[in-house]
Amino acid sequence: MYGDYQIELYLGALGGVLPAHPFDYAELERSALAALPPELRTYVAGGAGDEATQRGNAAAFADHGLVPRMFRAQAERDLSVELFGRRLQSPLLLAPVGVLGICTPDQHGDVHGMEAAAATGVPFIGSTLMSDPLEDVAAAAPDAAKWFQLYTPKNRELAASLVSRAEAAGYEAIVITLDTWVPGWRPRDLASGNFPQLRGKCLANYTSDPIFQEMTGPDPDPGTVVMTWVGTFGNPITWDDLPWLRSLTTMPILVKGVCHPDDARRALDEGVDGIYCSNHGGRQANGGGAALDWLPGVVEAVGDRAPIVFDSGVRTGADVVKALAMGATAVAIGRPYVYALALGGVPGAVHQIRSLQAEADLTMAVDGYPTLADLTPDALRRLR
């Protein structure tokens, strides 16, 4: 059981070995930001506007309490979930993060994220904005579950190429991000003039792509690469584009950024295979409320038609349990594993993921919810 991770830690302490990595999220964030280079600190930690939505995402979990149920204890818990034909032993995923590659000193953070995912059995969702080509990232763990997140470019041939490359490399689903066709208003980044991609960072999936290479011409200088990327990145996707996107692959497609029930219903009617409820962690738009507050409406609209992935503000294993009780099929984490990878490399990320799995498992054990099926909205009470 995932909760047995604490036994490993206690036994290690008996032998004089204390945990090398933090448990408390605030300590993790503080230490990781100190370890990151200055140009990355604001980009990873910052959000849109005055960051009220970003803060609200995390705070919203405290508004809901899991009601303990007794006389239902089971020594073995089942946290497994099936997603698109693959049985996963826990409902965690690693969310796509566009600067993950440069969050480790060797600039191969995407590869290391995949390695951490493979070590913990958690699917890795690789971003379009990688520091290594998507094929190299996939090759780091050929048998691990992996999805590819698409920032849909304006150039349709380039979009088709990225998707076909992902399919050929072994990615099992496509996550289409809908809320990032234009950068949000990010005062922290504006004040520091910090936009990694404009400095040529995290563009390996473009520079390795034959269609993009045709767009830049042979032997392009760095400025040409960046400006070509700028010219094709921001595609404002509408409903009219969905049939074309659906035609690109037979892989499952999830649409990310969906918070309104009507959008969820129509997306499924238009042929997508999963809904990804998220507000981009509060990085793209301020004033929109916590994503957790929109999850129940999306769940009601979707019913049992498709799986629902949730992210935004997840910091603890208890948060994971609450999102599952609200109806999410699986829960993705972003900043927690990014900070852990930046601070402690693959071992740090593995520790963070295992800690979340252990806390979720033990919370379900102590509170009397031995399986994910037992986590229904009736398990929660609104506290404030």
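This is a short walk through one protein chain, from its overall form down to a few single residues.

Please keep in mind from the start that what we have on the screen is a predicted model, and that the values I will quote have been computed from it.

Let me begin with the chain as a whole, in which the assignment gives 16 helices together with 12 strands. The radius of gyration comes out at 20 Å, close to the 21 Å that the globule rule gives for 384 residues, and the chain is therefore as compact as a globular protein of that length. If you turn the C-alpha trace onto its principal axes, you will find that it spans about 70 × 50 × 40 Å.

What share of the residues is buried? In this chain the buried residues make up 54% of the 384. As for how the sequence folds back on itself, if we take the contacts between residues at least 6 apart in sequence, 75% of them join residues that are at least 24 apart.

Turning to the surface, the accessible area of the chain is about 15800 Å², and carbon and sulfur atoms account for 56% of that. The chain carries 29 positive and 45 negative charges, and the mean positions of these two sets lie 5 Å apart.

Now to the cysteines, where a search of the whole structure finds zero disulfides. Why does C259 not form a bond with C277? The closest cysteine sulfur to that of C259 is indeed the one in C277, but the two are 4.5 Å apart, which is too far for a bond, because a disulfide needs the sulfur atoms to be within 2.5 Å. Seen from the other side, C277 is in no disulfide either, and its nearest cysteine sulfur is that of C259. C277 is also buried, with a relative accessible area of 0%.

I would like to finish with two residues whose backbone angles deserve a look. C202, although it is not a glycine, has a positive phi of about 60°, and you can locate this residue in the loop between α8, residues 187–192, and α9, residues 204–207. Is C202 buried or exposed? With a relative accessible area of 4%, C202 is buried.

The second residue is H280, where phi is near 60°, again a positive value in a residue other than glycine. H280 sits in the loop that runs between β9, residues 274–277, and α14, residues 291–302. Its relative accessibility is 16%, and since the cut-off for buried is under 20%, H280 counts as buried.

Technical notes
Residues are numbered from 1 along each chain as its sequence is written. This is a predicted model: local features need pLDDT of at least 70, side-chain atom pairs count only at pLDDT 80 or more; totals for chains, interfaces and linings use all residues. Side-chain values use heavy atoms; hydrogens and water are left out. Helices (H or I, at least four residues) and strands (E, at least two) are DSSP runs, numbered from the N terminus. The radius of gyration is taken over C-alpha atoms; the globule rule is 2.2 Å times the number of residues to the power 0.38. Buried means under 20% relative accessible area, exposed over 50%, partly exposed in between (1.4 Å probe, protein chains only). Contact means heavy atoms within 4.5 Å. Accessible areas come from the Shrake-Rupley method with a 1.4 Å probe; for residues, only the protein chains shown count as cover. Lys and Arg count as positive and Asp and Glu as negative; His and the chain ends are not counted. The place of a charge is taken as NZ of Lys, CZ of Arg, CG of Asp or CD of Glu.
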